[in-house]
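Okay, thanks everyone, I'll keep this short. Let me put the sequence and the model up, and then we'll walk through a few parts of it.

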Amino acid sequence: MAENGSRADNGKYQPICKGGGLLLAWQLKGKRVLLVGGGPVAAGRLVNVKDADAHLTVLAPRSGLCSEMKFRIFEQKVVDAYEDRLFEGDSDLAGFDMVLTAIDDADLSRRICQMCRARRIPVNVADVPPECDFYFGSLIRRGPLQVLVSTGGKGPRIAAQTRRIIERAIPENLGEAIERVGVLRALLRKQAPEQKVGARRMAWMIDVCETWSFDELANMTEADMRAILAGWEKGTVPSARRVRGIKHMVPRAEDVRKRITGRCPVAGYCTPWLGGIGGFVLGAAVASAILLTRKTAR
Ligand SMILES: C[C@@]1(CC(=O)O)c2cc3[nH]c(cc4nc(cc5[nH]c(cc(n2)[C@H]1CCC(=O)O)[C@@](C)(CC(=O)O)[C@@H]5CCC(=O)O)C(CC(=O)O)=C4CCC(=O)O)c(CCC(=O)O)c3CC(=O)O
Ligand SMILES: NC(=O)C1=CN([C@@H]2O[C@H](COP(=O)(O)OP(=O)(O)OC[C@H]3O[C@@H](n4cnc5c(N)ncnc54)[C@H](O)[C@@H]3O)[C@@H](O)[C@H]2O)C=CC1
């Protein structure tokens with residue numbers, strides 16, 4: 001029975017949890033995005049799509065631009081095309097790959113949505129969730145690392161609160177570690193480009209990521225990479241200690257400082273080191289105070 005993929009396989013595979021959205025990393029580089037509206041919500045959208053290297057057109061009257069929008073358009077000049085006017089109709093949508101509206105006019109938003117659907121352009125209407133083909137989420141960015149929190153439109157504020165909890169839990173140098181791993185992966189693909197070694201390449205990269213800590217990866221130099229890659233032919237991954245020798249045993253000043261004054265990334269309180277020293281000093285002070293009081297009382 002199990003071989004046929006039937007009832008016996010229940011529980012063996014991840015269950016299907018219906019009702020979610022499909023979370024993707026949509027590649028917008030070079031795609032044309034239209035943003036209708038010039039308020040604070042539009043300004044947030046602008047950052048999201050420009051972070052994704054889209055070609056962005058903003059359509060909104062200058063008189064209604066918020067200060068961030070003015071800054072992005074006229075000072076920072078990150079908007080590729082700006083049209084100082086109201087939305088006029090279907091022809092405004094021609095040639096766009098994605099449309100975002102953030103205007104204070106729900107009726108017009110709905111109509112823009114219908115026009116986009118007729119043209120099969122994916123659309124997000126900030127104030128009318130049923131008119132969205134996709135929702136935005138609460139985002140964390142650390143270099144190449146991106147985390148998106150979605151509550152499926154149920155609790156945007158809770159999405160932001162959840163984001164803050166996750167933010168605290170992400171090690172400071174994770175973005176840099178990923179950046180460095182990206183460089184190593186590219187070097188490996190150069191050294192062993194054949195498709196037939198694909199499975200071996202992946203297994204070896206998994207080994208690298210599991211053997212080296214995020215800290216060690218974040219500080220991986222080109223020389224370290226060459227030393228690691230020397231293990232590829234034999235299928236081994238030398239540890240950071242082996243690659244760096246004695247240098248690795250000496251803690252860096254920054255790590256020592258973090259040990260003493262750092263904070264627990266999730267709970268936020270100071271490290272046990274500082275807590276321990278503080279506790280000891282406080283305990284000693286209380287004990288001496290008690291002893292002193294007893295002595296004076298006698
Ligand atoms: C469906 C969705 C459509 C979309 O925008 O794509 C949508 C819809 C609506 N939001 C509304 C209100 C608020 N939105 C926020 C904040 C955020 N909203 C975001 C996304 C989304 N908002 C999508 C679903 C996301 C999800 O899955 O949860 C975030 C995550 C991302 C972003 O916008 O960039 C960003 C946090 C970013 C961050 O800080 O990290 C706050 C809180 C605040 O400002 O602090 C409030 C006030 C408090 C409240 O209402 O809860 C209203 C008006 C409701 C009304 O009139 O009562 C609607 C319309 C409606 O719900 O009908
Ligand atoms: N999805 C979300 O995260 C949130 C959505 N909202 C909703 O998003 C919408 C926008 O919010 P804000 O940025 O605060 O709006 P806002 O009221 O500050 O700005 C509206 C902007 O739209 C422009 N506009 C209005 N009619 C237009 C037209 N016909 N053509 C072109 N531009 C036009 C105005 O000039 C102005 O720049 C509101 O409806 C609000 O309810 C609000 C909070 C969060």
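So, 43 Å: that's the separation between the centres of domain 1 and domain 3, taken over C-alpha atoms. Keep in mind that this is a predicted model. As for where the bounds fall, the domain assignment puts domain 1 at 32-136, domain 2 at 138-170 and domain 3 at 174-249.

Let's look at a hairpin next. Strand 6 covers residues 138-142, and it pairs with strand 7 in the antiparallel sense, over five bridges. Strand 7 itself is residues 145-149. At the turn end, you've got R142 bridging to L145 in strand 7. The hairpin has two residues between the strands, and G143 takes a positive phi there, near 60 degrees.

Which residues of strand 7 are on the covered face, and which are on the uncovered one? Covered, we have L145, V147 and V149. On the uncovered face, you'll see Q146 and L148.

Last topic, cysteines. How many disulfides does a search of the whole structure find? Zero. Take C116, which is in no disulfide: its nearest cysteine sulfur belongs to C113, and that is 6.8 Å away. The cut-off for a disulfide is 2.5 Å between the sulfurs.

Now, is C116 buried or exposed? Buried, because its relative accessibility is 0%, and the buried class is anything under 20%. C17 goes the other way: its relative accessible area is 65%, so C17 counts as exposed, with the limit for that being over 50%.

Note on methods: Residues are numbered from 1 along each chain as its sequence is written. Chains are lettered from A and ligands numbered from 1 in the order in which they are written. This is a predicted model: local features need pLDDT of at least 70, side-chain atom pairs count only at pLDDT 80 or more; totals for chains, interfaces and linings use all residues. Side-chain values use heavy atoms; hydrogens and water are left out. Domain bounds come from an automatic or database domain assignment. Buried means under 20% relative accessible area, exposed over 50%, partly exposed in between (1.4 Å probe, protein chains only). Helices (H or I, at least four residues) and strands (E, at least two) are DSSP runs, numbered from the N terminus. Two strands pair if DSSP finds at least two bridges between them.
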